[in-house]
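Open the model in your viewer and get ready to click along. This tour suggests what to select at each stop and tells you what is there.

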Amino acid sequence: MTTKQEALDLFEKTRIEFLDLCRWVAVKIARQKGNVTVDDVRAEVKLPLNIDGRVFGAVFNKRDFEKVGYTQTRIKTSHSRPIGVFVLRGQASQ
């Protein structure tokens, strides 16, 4: 069985182009509204058919982002589970 971190590391190696796009979008959103969630990114970046949706879990797995809280997802199939709210690192108190 693969651990969550092993899966995220695998996505970093095999889906880097998709993750780079998602991270670019995340930075853009964080600069515009002050924070960003995976739901925000998913609203702008559609998941290609050949990519596992868990790849979105790796979007904020970089030092560029800092988690500042939680909110409930707006994705109906995710049943209101909590998701992280992120800001660009160093901007949490601004």
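The stops below run from a helix to its charged neighbours, then to the aromatic rings and finally to a loop. Keep in mind throughout that this is a predicted model.

**Stop 1: helix H2**

Start by selecting residues 16-33, which make up helix H2. How far apart are the end C-alpha atoms of H2? They lie 25 Å apart, and this agrees with the 26 Å that its 18 residues should span at 1.5 Å a residue.

Now colour the buried residues of H2: Phe 18, Leu 19, Cys 22, Arg 23, Val 25, Ala 26, Val 27, Ile 29 and Ala 30. As you look at the pattern, remember that an α-helix has 3.6 residues a turn, so residues three or four places apart point the same way. Then step just past the end of H2 to Gly 34, where phi is positive, at about 95 degrees.

**Stop 2: salt bridges**

Side chains of opposite charge can pair when their charged atoms come close. How many salt bridges does a search of the whole structure find? It finds 3.

For one of them, select Glu 44 and Lys 28, whose closest N and O atoms are 2.8 Å apart. This pair links distant parts of the chain, with Glu 44 in helix H3 (residues 38-44) and Lys 28 in helix H2, 16 residues apart. Glu 44 is partly exposed, at 41% relative accessible area, and Lys 28 is partly exposed too, at 27%.

Next, show the side chains of Lys 33 and Asp 40, which meet in a salt bridge of 3.1 Å, N to O. Is each partner buried or exposed? Lys 33 is partly exposed, with a relative accessible area of 46%, while Asp 40 counts as buried because its relative accessibility is 11%, and buried means under 20%.

Keep Asp 40 on screen and add Arg 74, which forms a salt bridge with Asp 40 at 3.4 Å between the closest N and O atoms. Arg 74 sits in the loop between E1 and E2 and Asp 40 in helix H3, so this pair ties together parts that are 34 residues apart in sequence. Arg 74 is exposed, with a relative accessible area of 55%. Through shared partners, Lys 33, Asp 40 and Arg 74 join into one salt-bridge network.

**Stop 3: aromatic rings**

A pair of aromatic rings is described by the distance of the centres and the angle of the planes. The whole structure holds 3 aromatic pairs.

Select Phe 18 and Phe 56 to see an edge-to-face pair, 5.6 Å centre to centre with 70 degrees between the planes. Phe 18 belongs to helix H2 and Phe 56 to the loop between H3 and E1, 38 residues apart. Phe 18 counts as buried at 9% relative accessibility, and Phe 56 counts as buried at 5%.

Move on to Phe 60 and Phe 86. Their ring centres are 4.1 Å apart and their planes are at 5 degrees, so this pair is stacked. Phe 60 lies in the loop between H3 and E1 and Phe 86 in strand E2, so the pair ties together parts that are 26 residues apart in sequence. Both Phe 60 and Phe 86 are buried. Add Phe 65 to your selection, and you have one aromatic cluster of Phe 60, Phe 65 and Phe 86.

**Stop 4: strand E1 and the loop that follows**

Pick Thr 71, in strand E1. Thr 71 is partly exposed, with a relative accessible area of 36%. Draw a line from its C-alpha to that of Ile 83: the two are 12 residues apart in sequence and 5.5 Å apart in space. Thr 71 also touches other residues, including Thr 37 and Val 85.

Thr 73 lies in the loop between E1 and E2 and is buried, with a relative accessible area of 7%. Which side chain makes a polar contact of 2.9 Å with the side chain of Thr 73? It is that of Asp 39. Among the other contacts of Thr 73 are Ser 78 and Ser 80.

Finish with two residues in that loop. His 79, between strand E1 (65-72) and strand E2 (82-88), has a positive phi near 55 degrees and is exposed, at 68% relative accessible area. Ser 80, in the loop between E1 and E2, has a positive phi near 60 degrees and counts as partly exposed at 40%.

Technical notes
Residues numbered from 1 in each chain as written. Predicted model: local features only at pLDDT ≥ 70, side-chain atom pairs only at ≥ 80, totals over all residues. Heavy atoms only, no water. Helix = DSSP H or I, 4+ residues; strand = E, 2+ residues; numbered from the N terminus. Buried < 20%, exposed > 50% of the residue type's maximum accessible area, 1.4 Å probe, protein only. Contact = heavy atoms within 4.5 Å. Polar contact = N/O pair within 3.5 Å; in protein donor to acceptor, adjacent residues only side chain to side chain. Salt bridge = Lys/Arg side-chain N within 4 Å of Asp/Glu carboxyl O. Expected span 1.5 Å × (residues − 1). Phe/Tyr/Trp six-rings, centres within 6.5 Å; stacked < 30°, edge-to-face > 60°.
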